Amino acid sequence: MKDSYNQLKRLVSSGKSKNISASKLNIEQLKMIVEELNIDLFSFEGLYNLECKQNEDVGILDYCKNHNILFLNYQPFRRNRTANHNYSLLVELANKYNKTQNQILLNYYIYEKKLLPITKANKIEHIDLNLEALNFRME
């Protein structure tokens, strides 16, 4: 892994690439890349949603924030399983703000957790609904 990231670092130094990102690493591997190899990562892609917060629990979210690494969270809706579970707080907030549960989740991830969710949208309506999540602030 060190050889691969050192090669990526050379590509950035030579101007052939602009940034380096990482995904699915544990905290020790992430620290090795940033601290030992002295690589300024642009982003880190990892799993994070309401029901799976492992990357937060092991310190990866805080590490990324402290090192100005954007955290891109995939499966923010768990393929819509979170909304289908109808957690009482999500239902209450969706009703209060007249939004969908997924819009509440996106708003929370973006404004409260400072994450960049990666969402699947195979219809224009889904994109519009996702964008609507940016048009309000929760108390």
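Me: E132 sits in a helix, so how is a helix defined here, and which one holds E132?
Reply: A helix is a DSSP run of H or I with at least four residues, numbered from the N terminus. By that rule E132 lies in helix α8, residues 124–132. Keep in mind that this is a predicted model.

Me: What is the overall secondary structure of the protein?
Reply: Eight helices and four strands. In sequence order the pattern reads α-β-α-β-α-α-β-α-α-α-β-α.

Me: How do I check the length of a helix, say α1?
Reply: Count 1.5 Å a residue and compare with the end-to-end C-alpha distance. Helix α1 covers residues 2–13, which makes 12 residues. The expected span is 16 Å, because the rise is multiplied by one less than the number of residues. The end C-alpha atoms are 16 Å apart, so the two values agree.

Me: What does the backbone do just after α1?
Reply: G15 takes a positive phi there, about 85 degrees.

Me: Which residues other than glycine have a positive phi?
Reply: R78 is one of them, with phi near 55 degrees. N80 is another, with phi near 75 degrees. R78 lies in the loop between β3 (70–74) and α5 (81–85). N80 is found in the loop between β3 and α5 too.

Me: Are R78 and N80 buried, exposed or partly exposed?
Reply: The cut-offs are under 20% for buried and over 50% for exposed, with partly exposed in between. R78 has 23% relative accessibility, so R78 counts as partly exposed. N80 has 32%, so N80 also counts as partly exposed.

Me: Now the whole protein: what box do the C-alpha atoms fill, and what share of residues is buried?
Reply: The box is roughly 50 × 30 × 25 Å along the principal axes. Buried residues make up 35% of the 139 residues. The protein exposes about 8800 Å², and carbon and sulfur atoms supply 47% of that area.

Me: How are the contacts spread along the sequence?
Reply: Take the contacts with a separation of 6 or more. Residues 24 or more positions apart account for 62% of them.

Me: And where do the charges sit on average?
Reply: There are 19 positive and 16 negative charges. Their mean positions are 4 Å apart.

Me: Why look for a nonpolar core?
Reply: In soluble globular proteins, nonpolar side chains tend to be buried together. In this model the largest nonpolar core has 32 residues. Y5, L30, L41, F44 and F71 have the most contacts inside it. Helices α2 (27–36), α4 (60–66), α6 (88–97) and α7 (101–112) each supply at least two residues of this core. Helix α2 gives the most, with five residues.

Me: What does F71 touch, beyond its neighbours within four places in sequence?
Reply: Its partners are F44, G46, L47, Y48, N55, I60, L61, C64, L115 and L116.

Me: N55 is on that list, so where is N55, and is it buried or exposed?
Reply: N55 is in helix α3, residues 54–57. At 12% relative accessibility, N55 counts as buried. Beyond four places in sequence, N55 is in contact with F44, G46, L47, I60, L61 and F71.

Me: Where does A94 lie, and what does A94 touch?
Reply: A94 lies in helix α6. With 9% relative accessibility, A94 counts as buried. Apart from residues up to four places away, A94 touches K99, T100, Q101 and I104. For a long distance, pair A94 with R10: 84 residues apart in sequence, and 48 Å apart C-alpha to C-alpha.

Me: Back to helix α8: how exposed are E132 and L129?
Reply: E132 has 27% relative accessibility, so E132 is partly exposed. L129 is found in helix α8 as well. Its relative accessible area is 41%, so L129 is partly exposed.

Me: What do E132 and L129 show about separation in sequence and in space?
Reply: Read both numbers for each pair. E132 and I20 are 112 residues apart along the chain, and their C-alpha atoms are separated by 30 Å. L129 and T100 are 29 residues apart, with their C-alpha atoms separated by 8.4 Å. For contacts, E132 touches K99 and Q103, leaving out residues up to four places away.

Conventions:
Residues are numbered from 1 along each chain as its sequence is written. This is a predicted model: local features need pLDDT of at least 70, side-chain atom pairs count only at pLDDT 80 or more; totals for chains, interfaces and linings use all residues. Side-chain values use heavy atoms; hydrogens and water are left out. Buried means under 20% relative accessible area, exposed over 50%, partly exposed in between (1.4 Å probe, protein chains only). Contact means heavy atoms within 4.5 Å. Accessible areas come from the Shrake-Rupley method with a 1.4 Å probe; for residues, only the protein chains shown count as cover. Lys and Arg count as positive and Asp and Glu as negative; His and the chain ends are not counted. The place of a charge is taken as NZ of Lys, CZ of Arg, CG of Asp or CD of Glu. A nonpolar core is a set of buried Ala, Val, Leu, Ile, Met, Phe, Trp, Tyr and Cys residues joined through side-chain atoms within 4.5 Å.
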